Amino acid sequence: MMKISPDLLKIGIEFHGHKCPAMPLGMRAGLAALKKLGVERASNKELYCYCETGPSHATACFVDGLQVSTGCTFGKGNIEKLNLGKTAFTLVDIKNKKAVRVSLNPEFQAKSLSSEFVNQRKKGVEPKDIKPEIVDPAVEKITTIEDSDILKIEEVKNFEFKPKKGTFDWERCSKCNEIVFVTGLRVVDGKHYCIPCSELV
């Protein structure tokens, strides 16, 4: 079992902004994936994460835990959301061409989604306003339960990773004059525009 150290949990909570069960669950899942692949947390772009969560559903906080534990971050561009509405992800070891998919045990997740913490969230109570006597035991359980009770970890055979090339090339938008990297440029009548301005000309 890959336990979350108190220091790592503190970092995760500070990054995430509030204490909840889903964020450390993402940390646990990320640590388990690293262990399965036999790799360390990404400092550059050694790893890539395909996260199956969506934009607005319960357990979306899971993704912040993944970023903290795996080092796959939106800032580095080595994580992306597939918006499939699932609490699962595939972590790719680019150098060694290996990948694992981690999902939640359905029975565990179903029970968690019936917890008092989730009931409070359904009522519109913000996570930071939920009483510690509800939040703390839920987080404690996530940080101590066995991996096999909460996670399903599978090796992905013959996974094809297609890297997305970054760019340092840019132009100024002909309308707003802001600098735009070429991946976000649109050309209208031979002039360069950012996407919002291109819709106005």
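Q: Two strands pair if DSSP finds at least two bridges between them. With that in hand, which residue in β5 is the bridge partner of Val102?

A: That would be Ile153. We're reading a predicted model here, so treat the pairings as part of that prediction. Val102–Ile153 is a good place to start on the two strands, since five bridges join β4 to β5, and the two run antiparallel.

Q: How many bridges join β3 to β4, and which way do the two strands run?

A: Six bridges, and again the direction is antiparallel. β3 covers residues 88-93, while β4 covers 98-104. If you want one pair to click on, Ala88 has Ser103 in β4 as its bridge partner. β3 and β4 make a hairpin with four residues between the strands. In that hairpin, look for Lys97, which takes a positive phi near 55°.

Q: What is the strand order of the whole sheet?

A: Go across it as β2-β1-β3-β4-β5. These five strands form an open sheet, and the pairing is mixed. The edges are β2 (79-81) and β5 (151-155); each has a single partner strand, so one side of each has no neighbour in the sheet. On average, neighbouring strands are turned by 15° against each other, with direction ignored.

Q: Where is the parallel part?

A: Look at β1 (residues 47-51) and β2, which run parallel and are joined by three bridges. Cys49 is a handy marker there, standing opposite Ile79 in β2.

Q: Is β4 mostly buried or exposed?

A: The cut-off to keep in mind is that buried means under 20% relative accessible area. Five of the seven residues of β4 pass that test, so the strand is largely enclosed by the rest of the structure. For the chain as a whole, 40% of the 201 residues count as buried.

Q: What about α2: how many of its residues are buried?

A: 14 of 16, so α2 is largely enclosed by the rest of the structure too. To read its length, go from the first C-alpha to the last: α2 reaches 23 Å, close to the 22 Å expected at 1.5 Å a residue. Just after α2 comes Gly38, with a positive phi of about 70°.

Q: Which elements give two or more residues to the lining of the largest pocket?

A: α2 (22-37) is one of them, along with α4 (106-112), α5 (116-122) and α6 (132-144). The largest share, five residues, comes from α6. In total the pocket is lined by 27 residues, and it holds about 580 Å³ of space. To find its centre, pick out Pro21, Ser112, Ser115, Phe117 and Val118, which lie nearest to it.

Q: How many nonpolar, polar and charged residues are in that lining?

A: By class, there are 17 nonpolar, six polar and four charged residues.

Q: Where does Asp129 lie?

A: In the loop between α5 and α6. Asp129 has 47% relative accessibility and so counts as partly exposed, a class that runs from 20% up to 50%. Asp129 also shows how the fold brings distant sequence positions together: His18 is 111 residues away along the chain, yet the C-alpha to C-alpha distance is 9.4 Å.

Q: And how many helices and strands does the chain have?

A: Eight helices and nine strands. Along its principal axes, the C-alpha trace spans about 60 × 45 × 30 Å.

Note on methods:
Residues numbered from 1 in each chain as written. Predicted model: local features only at pLDDT ≥ 70, side-chain atom pairs only at ≥ 80, totals over all residues. Heavy atoms only, no water. 1 Å grid on protein atoms, 1.4 Å probe; cavity = no way out; pocket = protein on both sides within 12 Å on 5 of 7 lines; lining within 4 Å. Points joined across faces, edges and corners; volume = space filled by probe spheres on them. Nonpolar A, V, L, I, M, F, W, Y, C, P; charged D, E, K, R; others polar. Expected span 1.5 Å × (residues − 1). Buried < 20%, exposed > 50% of the residue type's maximum accessible area, 1.4 Å probe, protein only. Axes fitted to C-alpha atoms, helices over the stretch in contact; angles between N-to-C directions.
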